[in-house]
Amino acid sequence: MGKKLVMTALLGCLGWGGAVHGVELRLCARGVSYEPGQEVLETRQVRLVLQGPDPGDFRNMLAHAVIHQRLWPELKAADVGVTPFDPLICGTQDTVNLRLSYAPADLALLQEESHRGPGEQQALTQLSAQASSQPGGASRQTPEPGVSASATKAAVVQLYYATNRAGTGQQRAAQAFSAQRGSTLLQGRVEVSIPASHQLGHMESPSILRFEWSAQPEQHVLLKSAYTPLNASAWAKEVQTQGRAFHQGGVLLFVHGYNCTFEDAARRAGQFAYDLAFAGPVVLFSWPSAGSELSYPADEAQAGSAWRPLADVLEQLIGAQDSPVPVYLVAHSMGSRVLTQALAELFKRRPGAERAIKHVVLAAPDIGVTEFDKHWIPQLKSSYRPPFTLYASSADKPLALSAKFHKEKRLGQGGDDIFVTPGMDSIDATPVTQEWFGLAHSYFGAQRTVLNDIYLLINRGLPPYQRPGLGKAKNQQSWVFKP
């Protein structure tokens, strides 16, 4: 007690001992952890009242410590991010109301230990633990261990779309974009609802075998009706703002493959992002696939011209050269052609832009092996080439047909002769994609083992030798899923 009195007198001499008042802070807070057994992915609005002398330089430190203690005490301090309130970052979550009362002596104790490391600041820990919560506190959920950290997220996934499909003028998002190429890039927001009963890797859809005639949000992955068009400037600002928030989590961009309508692509992107538990904004680039199994040649023609608008989108995502937004890229099937050509174009336009690309995932890519090796690899090489991961399977039936059609093996065909090249981790998914009646082509988002591997790759940054589902292949140059 005597120490506090001495500290109070000292603060008065320093001019710190002013009248007690309240500082109200409006903040966005996010808890992110992918540690097994304590997976958390939550973003909350916070109203924090600091009741006491103006904390000055300690304001941010106190805010972080209080939010850590009251909302996510089980996490490491580094797993909790706090930033000034922005509705683009906070979303529509209920406000958490917190209050902390403190005395001038408390600030003096904080000053005493300010030079210590985070784990040694006992006064800060003890003080922040005294914070009280008021109505509107955080609701907590305990997620299932592993990739199912997505269970902590809301049942609605917001997607930012960018498409070179022509608009139809329809009011419902599912019918708003055609299979024809448009003259301008259309951008905006859509939402995909995920049912509470959702199972990892499933894209729940209506089935006549279950007498289900229409999609229901409580049972199925559903593209919601409303969509919000945005101009290029507003779209880029929103995505970059969210991509730079908190831990610089970045942006995840998904490019769909052949035989895919806009609705199909949005539903898959929403389900994939939900199961992946990605913390940042998710972008869908949708090119004008006809959404028909019989439209392969037409889809090839459309994919061959979609690279330029995708390169425009990548430029928007990355933003300023001096502070680029980290971007993770995932492309499926024929969409891998669009992505590789767009990357080559981006690197021509913006030397150094490749440093913003954190990882490129090519899932079951429908690209000729010779074409990729002789043409695209040289164009993608630079002083710094972003790391690539290839998922391939010899059980992939559509790629087997494509190989016959083109008279050339496809990059996404696995087995003992899977394609390997420096700078790319080639992973053979054949052991986990054997299907009696299925096509074994969309396993990147439908097969639990592969989803878990992508989760560890993107969210935790683990190399193949640290991911438990993988082992060295016979050729010792690639990887294979353990059966």
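**Exercise 1. How many cavities of 30 Å³ or more does the count come to?** Then describe the largest cavity.

Solution.
- The model is a predicted one.
- The count comes to 1 cavity of 30 Å³ or more.
- The largest cavity holds about 40 Å³ of space.
- Its lining consists of Phe372, Ile377, Leu380, Arg385, Phe388 and Met424.
- Sort that lining by class: 5 residues are nonpolar, none is polar and 1 is charged.
- Now assign the lining to elements. Helix H11 (residues 369-380) gives the largest share, 3 residues.

**Exercise 2. Describe how helices H10 and H11 pack.**

Solution.
- Two packed helices are described by the angle between their axes and the distance between the axes.
- Take H10 (residues 335-349) with H11: the axes come within 8 Å and cross at roughly 35 degrees.
- Next, the hand. H10 passes H11 in a left-handed crossing.
- On the H10 side, the contact is made by Thr340, Gln341, Leu343, Ala344, Phe347 and Lys348.
- On the H11 side, Phe372, Trp376, Gln379 and Leu380 take part.
- By class, this contact has 6 nonpolar, 3 polar and 1 charged residues.
- Link back to Exercise 1: Phe372 and Leu380 of H11 touch H10, and Phe372 and Leu380 also line the largest cavity.

**Exercise 3. Classify the crossing of helices H6 and H9, and list the contact residues.**

Solution.
- The axes of H6 (residues 232-244) and H9 (residues 307-318) come within 8 Å.
- They cross at roughly 50 degrees.
- Roughly parallel needs an angle under 35 degrees, and roughly perpendicular needs 65 to 115.
- H6 and H9 are therefore oblique to each other.
- H6 brings Ala232, Trp235, Ala236, Val239, Gln240 and Arg244 to the contact.
- H9 brings Val313, Gln316, Leu317 and Ile318.
- By class, the H6 contact with H9 has 7 nonpolar, 2 polar and 1 charged residues.

How values were computed. Residues numbered from 1 in each chain as written. Predicted model: local features only at pLDDT ≥ 70, side-chain atom pairs only at ≥ 80, totals over all residues. Heavy atoms only, no water. Axes fitted to C-alpha atoms, helices over the stretch in contact; angles between N-to-C directions. Helix = DSSP H or I, 4+ residues; strand = E, 2+ residues; numbered from the N terminus. Parallel < 35°, antiparallel > 145°, perpendicular 65-115°, else oblique. Contact = heavy atoms within 4.5 Å. Nonpolar A, V, L, I, M, F, W, Y, C, P; charged D, E, K, R; others polar. 1 Å grid on protein atoms, 1.4 Å probe; cavity = no way out; pocket = protein on both sides within 12 Å on 5 of 7 lines; lining within 4 Å. Points joined across faces, edges and corners; volume = space filled by probe spheres on them. Left-handed = near helix turned anticlockwise from the far one by under 90°.
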